[in-house]
Amino acid sequence: MIQLNENDYKYVIQDFSNYYIGARFSYKELAENDNTPGRFKDALYRVFYKETDQNMTIGEHLLQLDDSSMCYLAFSQLRIRIKVTALIQKADKKGNLKETYETKDYSLDDFLKEKENWEDPQQYLIQEISFKKRHLMMMHV
C-alpha cells in the first residue's frame with residue numbers, strides 16, 4: 001500500500017504544449033483551482049458534473065470509467081495519457097524478491113484494458129493525467 005500526504009498529486013502544471021493534472025484532485029477542487037484551464041472547467045461543469053460526484057477524485061473515476069459514458073468521450077477527445085505507479089516484486093540477480101515501484105504511461109484505451117488485469121488495485125497509484133493544449137482547444141463540449 002502506498003502512503004500519501006494530503007496534497008500529494010494535487011496540482012495543475014503546464015509547459016509549452018501540455019497540461020498535467022494530479023489525479024488526487026476531486027472534480028470540485030479542480031473546478032475551483034485557479035490554474036485549471038477555462039475550457040477544461042467548462043467540460044467539468046457540462047459533462048463530468050452530470051455523470052459523477054463532485055467529490056470523486058480523478059483517479060477513482062478512472063477506475064470506474066465505462067467506455068459508453070460521456071466522460072469517456074470527453075477524455076478520449078482530449079487523448080489523455082494516464083501515469084500509473086505500481087508496487088511490484090522483482091527478482092534480483094541472486095533470485096531474491098525485492099519490492100520496487102514501476103511507473104507506466106498509458107493511453108485511455110490501454111489503461112482501461114490494463115486495469116482489468118490488476119489483481120489488487122491497492123498496489124496501483126494513478127498519479128496524473130496529461131493532455132496536449134491543442135487537443136483541449138479542439139475539444140467539443
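Start by selecting E102: at 27% relative accessibility, this residue counts as partly exposed (buried is under 20% relative accessible area, exposed over 50%, and partly exposed lies in between, with a 1.4 Å probe and protein chains only). A note on what you have open: this is a predicted model, where local features need pLDDT of at least 70, side-chain atom pairs count only at pLDDT 80 or more, and totals for chains, interfaces and linings use all residues. Residues are numbered from 1 along each chain as its sequence is written, and side-chain values use heavy atoms, with hydrogens and water left out.

**Stop one: around E102**

Keep E102 up and add K90. The two form a salt bridge, with their closest N and O atoms 3.8 Å apart (a salt bridge is a side-chain nitrogen of Lys or Arg within 4 Å of a carboxyl oxygen of Asp or Glu). This pair links distant parts of the chain: E102 sits in strand β4 and K90 in strand β3, 12 residues apart. Strands here are DSSP runs of E, at least two residues long, numbered from the N terminus. K90 is partly exposed too, at 44% relative accessible area.

Now add K104. E102 forms a salt bridge with K104 as well, and there the closest N and O atoms are 3.7 Å apart. K104 has a relative accessible area of 37%, which makes it partly exposed. Show the three together: salt bridges that share partners join K90, E102 and K104 into one network.

**Stop two: D105 and R81**

Next, pick D105 and R81. Their closest N and O atoms are 3.4 Å apart, in another salt bridge. Again distant parts of the chain are linked, with D105 in β4 (residues 97-107) and R81 in β3 (residues 81-91), 24 residues apart. Both ends are partly exposed: D105 has a relative accessible area of 46%, and R81 has 32%. If you want to hunt for others, the structure holds 5 salt bridges.

**Stop three: strand β2**

Jump to residues 18-22. How many residues of strand β2 are buried? The strand is mostly covered, with 4 of its 5 residues buried.

Extend the selection to β1 (residues 12-14), which runs antiparallel to β2 and is joined to it by 3 bridges; two strands pair if DSSP finds at least two bridges between them. Together β1 and β2 form a hairpin, with 3 residues between them. To see one contact, click Q14, whose bridge partner in β2 is Y19.

Finish with β5 (residues 124-132). Here 5 bridges join β2 to β5, and the two run antiparallel. Select Y20 and you'll find its bridge partner in β5, S130.
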